[in-house]
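Subject: Structure handover

Hello,

Here is the structure for you to look through. Please open it beside this email and follow along.

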Amino acid sequence: MNSLLLTGGRVIDPANKFDSSADVLIIDGKISAVGKKISAPKGIEIFDARGKIICPGLIDLHVHFREPGQTAKENLATGTAAAARGGFTSVVCMPNTSPAIDSAGTVALIHERAAQANGVNVFVTGAITKNISGEELSPIGSLKNAGVVAITDDGHCIQNNELMRRACEYAKMFDLPIFDHCQDYSLVTDGVMHEGYWSTALGLRGWPSAGEEMIVARNILLAELTGAKIHCQHLSAAGSVALLRAAKKRGVSIFGEACPHHFVLTDAAIAGSEKFWNADGKILADSQNDELPAWPSYDTNFKMNPPLRSTKDRDAILEGLADGTIEILCSDHAPHCDYEKEVEFDYAPFGITGLETELALSLMQLVHIKRISLANMIAKFTVNPARLLNLNKGTLTVGADADVTVFDPDYEWIFRAEESASKSKNSPFSGWKLKGKAVATIVGGKKVWSEDSELAVA
């Protein structure tokens, strides 16, 4: 069935500036009505959402599902299952698969496999360059016609500025945003963690913030030159936020996203010595506090690209989220096999999973301690990514697709990676006590996942 009545919840729809106790009626996969005390048509399913938040379906515009070619780590079925469990009705897959998504045929393959998965909407990005090699542009027009929603070489960064300029010009021509993984290879070289006190103390090769900031600055100049919409992925550095803020004030079409690991953790976590805020905004003494699991130093589950940075950088990301410089939240869900991570820190791959923890971590670090409002956080997961990608999603407007997330912002639970729906378990947050959880994920009026069975029939 794809008809449903959600009753008694607090409905927050930033796209329509709506925030009130209300019911939501879904008929034939579309939003039919939003208001108080809606009468249920005979035979329709009813979901009791009292004490819960009802909002447009959450969108994660940065995930790696590893299909085709790397399905030992993840595939579309397990990836979308993790997304549904995290409250996400739509995800956007990155193209650094094997082979890369640089042709219309590969885009068609992803669409076909996604249709057989768990009902979550799967949108596809195409590679900017053939085989993500940074040398020759992909057939961007063909990729657009095949249905990609953006182009990116995520996992890699085009170093040739002239080639990136041409990519921007083509992207603008086809009305596609261009996503960029901001990394200057000549500055980063073979760094494995943030360059600073802890890289020196731990004897690990440093990765300077300037390696990201240099490319953010390049992208701002190219956005001004070409008029293309450029979106800077997984920002981690204070300088990147400052550059973005100044450019946006000038009206440049430049955008940015942040991931929970970059605004929750710092590089001190790699040494097993970190401080965190709990859900009530109180500083926890250290990582050995009873409310957090203990972890050893050199834990490769804290190795990601870009790396965890200093407290100053983390604070700048939080400030950028609060003042609107960073408009979008996402996970950069990057699964890896256990045996790949169970090696020396230098040799482990970059990346962590995140679809099932990002909602709770965002609530804890942004909303519960009153950095931003709940409606603002929801906007960063819904209407903002939908507008960037020109998607008809992220709203509860009557007639819109009935993609809806129901979550309890105060639900306390412990995330255990071994119980994750993802194939991979490489999360630094395993064992954490979290506050906030999705309880139902509805796509096109169909409940694709729920925490319990609070359903009745009218």
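First, a definition: helices (H or I, at least four residues) and strands (E, at least two) are DSSP runs, numbered from the N terminus. With that numbering, P306 sits in the loop between α9 (260-264) and α10 (311-323). Please keep in mind that this is a predicted model.

**Cis peptide bonds**

Start with P306. The peptide bond from N305 to P306 is cis, and its omega is near -5 degrees. Now go to P99. The bond that leads from S98 to P99 is cis too, with omega near 5 degrees. P99 lies in the loop between β7 (88-93) and α2 (104-115).

**Positive phi**

Next, two residues with a positive phi. D175 is not a glycine, yet its phi is about 55 degrees. Look for D175 in the loop between α4 and β10 (178-180). It is partly exposed, because its relative accessible area is 48% and the partly exposed class lies between 20% and 50%.

K370 is also a residue other than glycine, and its phi is near 65 degrees. K370 belongs to the loop between α12 and α13. Its relative accessibility is 73%, so K370 counts as exposed.

**Helix α4 against helix α7**

Helix α4 covers residues 161-173, and helix α7 covers residues 210-226. They pack at an angle of about 45 degrees. Their axes are 10 Å apart. That angle makes α4 oblique to α7. The crossing of the two helices is right-handed.

Which residues of α4 and α7 meet? From α4 come N161, M164, R165, C168, E169 and K172. From α7 come R218, N219, L222, L225 and T226. By class, the residues of this contact are four nonpolar, three polar and four charged.

**Helix α12 against helix α13**

The loop with K370 joins this pair. Helix α12 spans residues 358-367, and helix α13 spans residues 374-381. The angle between them is about 140 degrees, with the axes 10 Å apart. Why is α12 called oblique to α13? Angles over 145 degrees count as roughly antiparallel, and 65 to 115 as roughly perpendicular. An angle of about 140 degrees falls in neither range, so α12 is oblique to α13. The crossing is right-handed.

On the α12 side, the contact uses E358, L359, S362, L363 and V367. On the α13 side, it uses L374, M377 and F381. The residues of this contact divide into six nonpolar, one polar and one charged.

**Cysteines**

How many disulfides does the structure hold? Zero. A disulfide is a covalent bond between the sulfur atoms of two cysteines. Take C93. The closest cysteine sulfur to that of C93 is in C330, 13 Å away, which is too far for a bond. C330 is in no disulfide either; for C330, the nearest cysteine sulfur is that of C259, at 4.0 Å. The cut-off for a disulfide is 2.5 Å between the sulfur atoms.

Are C93 and C330 buried or exposed? C93 counts as buried, at 3% relative accessibility. C330 is buried as well, with a relative accessible area of 0%.

**Three loop residues**

H333 is in the loop between β15 (328-329) and α11 (338-341). At 1% relative accessibility, H333 is buried. Leaving aside residues up to four places away in sequence, H333 touches H62, V63, H64, F65, E74, I352, T353, G354, L355 and S422.

I128 is in the loop between β8 (121-126) and α3 (140-146). Its relative accessible area is 0%, so I128 is buried. Not counting residues up to four places away in sequence, the residues it touches include E136, L137, I151, D153, I158, A167 and F179. I128 and I101 are 27 residues apart in sequence, but 9.4 Å apart in space, C-alpha to C-alpha.

D452 is in the loop between β18 (446-450) and β19 (455-457). At 34% relative accessibility, D452 is partly exposed. D452 and A440 are 12 residues apart in sequence; their C-alpha atoms are 8.1 Å apart.

Best wishes

Terms used:
Residues are numbered from 1 along each chain as its sequence is written. This is a predicted model: local features need pLDDT of at least 70, side-chain atom pairs count only at pLDDT 80 or more; totals for chains, interfaces and linings use all residues. Side-chain values use heavy atoms; hydrogens and water are left out. Buried means under 20% relative accessible area, exposed over 50%, partly exposed in between (1.4 Å probe, protein chains only). Axes are lines fitted to C-alpha atoms, for helices over the stretch in contact, and angles run from 0 to 180 degrees between N-to-C directions. Angles under 35 degrees count as roughly parallel, over 145 as roughly antiparallel, 65 to 115 as roughly perpendicular and the rest as oblique. A crossing is left-handed if the near helix is turned anticlockwise from the far one by less than a right angle, and right-handed if clockwise. Contact means heavy atoms within 4.5 Å. Ala, Val, Leu, Ile, Met, Phe, Trp, Tyr, Cys and Pro count as nonpolar, Asp, Glu, Lys and Arg as charged, and the others, Gly among them, as polar.
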